[in-house]
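Reader: I would like to go through the empty spaces and the ligand surroundings of this model, and to ask on what grounds each term is applied.

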Amino acid sequence: MSAFKLVVIGAGPGGYAAGIRARQLGAEVVLIEKDRPGGTCLHRGCLPSKIMKRTAELARDAAGAEAFGLIGGGTFEVRMDRLRVRQKKIIDDQTLGLTRHFQALGLKLVHGAATVEKTGTVRVDLAAGGAERYDYDQLLVATGSTPASLPGLELDGEKIISSDQALWLEDRPASLLVVGGGVIGCELAQIFHDFGTRVTIVEALPRLLPLPGLDEEISKNYMRSLKKLKLPFFTGHTVADIRETAGGLTAAIRPVSGEGEPRELEVERVLVAVGRRPALEGLAALNPPLDSRGWVEAGEDFRTGIPGVWAIGDCLGPARVMLAHVATAEGLAAAENMFGGHKTVNYQCVPSAVFTHPEVGCVGLALAQAEERHPGSRANDFLFRQLGQAQALGEIDGLVRLVSGPEGRVLGGHILGAAATSLVAEIGLAVTKGLTVNDLADTIHAHPTLPEGIWEAALAATGRPLHG
Ligand code: NAD
């Protein structure tokens, strides 16, 4: 006898994690997915972009190989068709792995579009044709999000594209205007720059990567790195107008303040990366509570207020954190709560990993946030160029910024530099477990490695700097 019937709409990293945990705890679980399991992350986000990033890194390294004593290499050209074969193979393998895992666990995966018909019943219009109906005791909305567009910059999927298309292009554009210098915009801008595309970024706010939890010093240094890489960007600007011309598209870029003359830029394609909107198709009859911007509202425990209906992941919007690993944490917590648990997610301890060059990793509070909440907080920085390993790698741009409270508790970490997305894990542990800068400083770090940068910043925070 199963504990109850759970229907999950959306088999992304949030929805399927919830399904797995609920199944382990004894529920009968039906996962409904209109695409393939794995969600945006596996098919239109994290994984295809990481595969592209690897090719971009190799192209960059090959172009700079002579400085490392490698003479006689050929010139390389990115072949999008070959890259796509590699992307497809890896993603197909991962998808198959997930499907088999669901089968082994006894999770039923249904391929089709879900519509809530009435309380307790979901209809699925099957991808293979026909329809099926599933009754539920508990329903989890894990429908995710889709790219947002801008008025005047409507996505046509050909010339004006979103990340969905940019990750699967059949040919490499000669030039690309990226609108939005957030996470998606900067990651993709750098990949195409390394592929040899002429890229320009336009960002409305005064800094690139303007994430509230990312310390301004990191954005400042990141922008400096882009200048060195000769990747042009305009902060405080937006695109006023786009029109088709003989050469492709002509974009008028103007300051957000409205002052000054717009400048014109001819480009082959425009990538719009200005955020996302909730995916709510099929939920009209359910009528979930929405906030003023249309995102689903749920409590700390992920209940929506409708009996037996829960929501997690991107569809909750940026008031939580729209990241795959957050959706997974929320899914696991929601499933346990369906069985009487009291799980919540600690949004203060979520690491962010931005796969730019140099990479960015951050967790916890930025200095400005820490000063506001804990007067007397401070930041200690250590530069990558002072690390032997960074010099050996030829990756000397960047810094570790450690933010600590007046009592020495580690409140945040912000890293720009090689492997920053992995390095941030150590500071994530420190923030989550309430460790102090002394705890980090008293931990022996292997030499010569990049984590020594965290150790050196911690030593500086204890007043005992070694090389800084
Ligand atoms: P975002 O909110 O991170 O960035 C959008 C940017 O567009 C903002 O900086 C905003 O100021 C700018 N913008 C908005 N309107 C503009 C305009 N008219 N002109 C110029 N700039 C404008 O959104 P995103 O980059 O689309 O990413 C969407 C979500 O996906 C985010 O929540 C992000 O965290 C997540 N994501 C994360 C990763 C990662 O962690 N590695 C990777 C991809 C996506």
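Author: Pro 147, Ser 163, Ile 184, Val 272, Ala 273, Val 274, Gly 275 and Arg 276 line the second largest cavity. This is a predicted model, in which local features need pLDDT of at least 70 and side-chain atom pairs count only at pLDDT 80 or more, while totals for chains, interfaces and linings use all residues. Residues are numbered from 1 along each chain as its sequence is written, and side-chain values use heavy atoms, with hydrogens and water left out.

Reader: What makes these residues the lining of a cavity?

Author: On a 1 Å grid over the protein atoms alone, a cavity is a set of points where a 1.4 Å probe fits but cannot get out, and lining residues have an atom within 4 Å of a point; Pro 147 and Arg 276 are among the residues that line the second largest cavity.

Reader: What is the volume of the second largest cavity?

Author: A volume is the space filled by probe spheres set on the points, which are joined across faces, edges and corners, and for the second largest cavity the volume is about 40 Å³.

Reader: Why is the side chain of Glu 203 said to make a polar contact with the ligand?

Author: A polar contact is a pair of N or O atoms within 3.5 Å, and an N or O atom in the side chain of Glu 203 is 2.6 Å from an oxygen atom of the ligand. For Thr 238, a side-chain N or O atom is 2.8 Å from a nitrogen atom of the ligand, and a backbone N or O atom of Gly 275 lies 2.9 Å from a ligand oxygen atom.

Terms used
On a 1 Å grid over the protein atoms alone, a cavity is a set of points where a 1.4 Å probe fits but cannot get out, and a pocket is an open set with protein on both sides within 12 Å along at least five of seven lines; lining residues have an atom within 4 Å of a point. A polar contact is a pair of N or O atoms within 3.5 Å; within protein, one must be able to donate a hydrogen and the other to accept it, and residues adjacent in sequence count only if both atoms are side-chain atoms.
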